[in-house]
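Colleague: Got a minute to go through this model with me? I'd like to start with the empty space and then move on to the chains.

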2 protein chains.
Amino acid sequence: MVVCLVLLLVAPASLWAQSDPLPSWNDGPAKQSIVSFVQKVTDRAGAGFVPPEQRIATFDNDGTLWSEQPIYFQFAFALARVKTLAPKHPEWKTQQPFKAVLDGDMKALAASGEKGMIQLLIATHTGMTTDEFTKTVVDWMATAQHPRFKRPYTELVYQPMLELLAHLRANDFKTYIVSGGTVEFMRPWTERVYGIPPEQVVGTSFVTTYKLGPNGKPSLFRQPKIDFVDDGPGKPVNIQKFIGRRPVFAFGNSDGDQQMLQWTAAGEGARFMGIVHHTDTTREWAYDRQSHIGRLDKALDEAKARGWTVVDMKADWKKIYPFE
Amino acid sequence: MVVCLVLLLVAPASLWAQSDPLPSWNDGPAKQSIVSFVQKVTDRAGAGFVPPEQRIATFDNDGTLWSEQPIYFQFAFALARVKTLAPKHPEWKTQQPFKAVLDGDMKALAASGEKGMIQLLIATHTGMTTDEFTKTVVDWMATAQHPRFKRPYTELVYQPMLELLAHLRANDFKTYIVSGGTVEFMRPWTERVYGIPPEQVVGTSFVTTYKLGPNGKPSLFRQPKIDFVDDGPGKPVNIQKFIGRRPVFAFGNSDGDQQMLQWTAAGEGARFMGIVHHTDTTREWAYDRQSHIGRLDKALDEAKARGWTVVDMKADWKKIYPFE
């Protein structure tokens, strides 16, 4: 009899725990806005119902699904590749921005600016076939460690966002990444890490060309030229180009996501616009209006003015990373 | 007793009919090669097994999924749009290639060549928002009729290919269109007609730019500039860009599909490469090496040399169109 009573008392709580799709989110307005949006669009009888095929959800990657400090993880990959490739490029010893990378001179590197960054990207991301490039990404991801957490970069993904992605997919959303990062840096691992397959990853791209080798074997060669920058106004452009439907749900964390959020907001019917605000100096990082990485300024103003959901990382997330 | 006997005799045949996924295909090597390929890649115990997430199938559109004679259907749309827009463009009365269209002078139109065709495309496909363009496509599709069959163009799709698309999807393939036609001409109707959603349509594209209107409402504006031509070597480039996986199954009908087929063939494991050969003067059209539309010459030679599946439309298809 005692056993039965205990079961009766315990059962409802455990049922509740099982049915909470977002256990790493603290109860609060951010979690509430997500849960009620998903309820609304999946309620066939309600005015906010969205047919499953129109449930397109787009997520920025850096700073939205995984961390982006102290430098964008793709930039860490580029720096590592410069060091690996340096023996084949003796000229880099005296040539900026390569010299700065090899000397570990972060000040000189910063001084090289956007132009220097593009030079580093081109030197490390092009001049090989797509298959060869994929291999360098896979190899680096398997061995590189984040300087602060001493773990593979792919472990620095946000547990609350993994739960959100799964919750959306369980409700027939198609989840996409729409990132300023280059697409072929992400595709080799997004399926394993986020459950997002390569064909649902949109990003910045380099020009590639088709070549038939002497043996008749074709390859796609990565040319030293940027094809399209998937950032800011480029995000809605690429959403239209790649997906061809307007998202009903979008999540970002910086001014580079502002136009994607505007484009999502301007559609008809139920919409969700979310921003991850980095507010946790202890467990992650805190930065916004003044940051060089992931600057969140204009988009934060617009979010507040228009009532978009702003996630306060420190207050809203019980857990940041899966390994905690 | 007689009734029972009849049932016994009839049942197996009707079961067979139900289980044939390709009823509009005559028994023969083309049908056999499709059926056995699908069996092979879905047999978990076999050496040719392909995991569901890698089952990417790409189809050309014009001449592969629907007809392309006497002119590409998109070109018929462009000509109709020129006539509709002419009152706003008095200068077209004397300016080629527009004059040729308005005069119905097909000889002069042909003489304007590829340059003229691009001028017509730009005049009719750009200079408006994406939403506005979609509306012109939807309206035209609802009213325009094919000159020979006197039916909407979307009824001139191939019944055997509809069955093939459905058969592949029933076996966990993701079916894509990869077409030389422009992507936003196809997306408004491919889901209804082929069961292929907008996000699985890849095609030639125009540059679009993001604009915030005076009311704060964003739009994507179609610029008079081609972004990328999804034909020939552009097809594998776009497959990599949009899908990020190599297809295991590809179907085309012309030399513009040759590189897509080569790229598919060059992957590891089980592969299927198919070509629709237009051989039916009576029910459809017959053309190949000498045709200006859908020329099939080099790809036919390569298909024969490498043992790709060549569909003989006249011999292999019981039925061409659903309405027959």
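Modeller: Sure, definition up front: on a 1 Å grid over the protein atoms alone, a cavity is a set of points where a 1.4 Å probe fits but cannot get out, and lining residues have an atom within 4 Å of a point. Grid points are joined across faces, edges and corners, and a volume is the space filled by probe spheres set on the points. Keep in mind that this is a predicted model: local features need pLDDT of at least 70, side-chain atom pairs count only at pLDDT 80 or more, and totals for chains, interfaces and linings use all residues. Residues are numbered from 1 along each chain as its sequence is written, chains are lettered from A and ligands numbered from 1 in the order in which they are written, and side-chain values use heavy atoms, with hydrogens and water left out.

Colleague: What volume does the largest cavity have?

Modeller: Searching the whole structure for cavities of 30 Å³ or more turns up 3. For the largest cavity, the volume is about 70 Å³.

Colleague: Which elements give two or more residues to its lining?

Modeller: The lining draws on both chains, including Y176(A), E199(A), Y176(B) and E199(B). Taking helices (H or I, at least four residues) and strands (E, at least two) as DSSP runs numbered from the N terminus, the elements are helix 10 (234-243) of chain A plus strand 3 (201-212) and helix 10 (234-243) of chain B.

Colleague: How do chains A and B relate, and which C-alpha of chain B is nearest the axis?

Modeller: I superposed the copies by least squares on the C-alpha atoms of residues with pLDDT of at least 70 in both. A turn of 180 degrees with a shift of 0.0 Å along the axis lays chain B on chain A at an RMSD of 0.0 Å, which means a two-fold axis. The C-alpha of chain B nearest that axis, at 3.2 Å, belongs to F242(B).

Colleague: What area is buried between the two chains?

Modeller: Counting contact as heavy atoms within 4.5 Å, each chain puts in 35 residues. Buried area is the accessible area (1.4 Å probe) that two parts lose on being put together, summed over both. In chain B, E199(B), Y210(B) and K241(B) lose the most, together 22% of what that side buries. Carbon and sulfur atoms give 54% of the total, which is about 3000 Å².

Colleague: How many salt bridges are there between the chains?

Modeller: The criterion is a side-chain nitrogen of Lys or Arg within 4 Å of a carboxyl oxygen of Asp or Glu. One of them pairs E199(A) with R245(B), closest N and O atoms 3.0 Å apart. The count between chain B and chain A is 10.

Colleague: Which residues does the cis peptide bond in chain A join?

Modeller: Look in the loop between strand 1 (56-59) and helix 3 (73-85) of chain A, where P70(A) is found. With omega about -5 degrees, the bond joins Q69(A) and P70(A).

Key:
1 Å grid on protein atoms, 1.4 Å probe; cavity = no way out; pocket = protein on both sides within 12 Å on 5 of 7 lines; lining within 4 Å.
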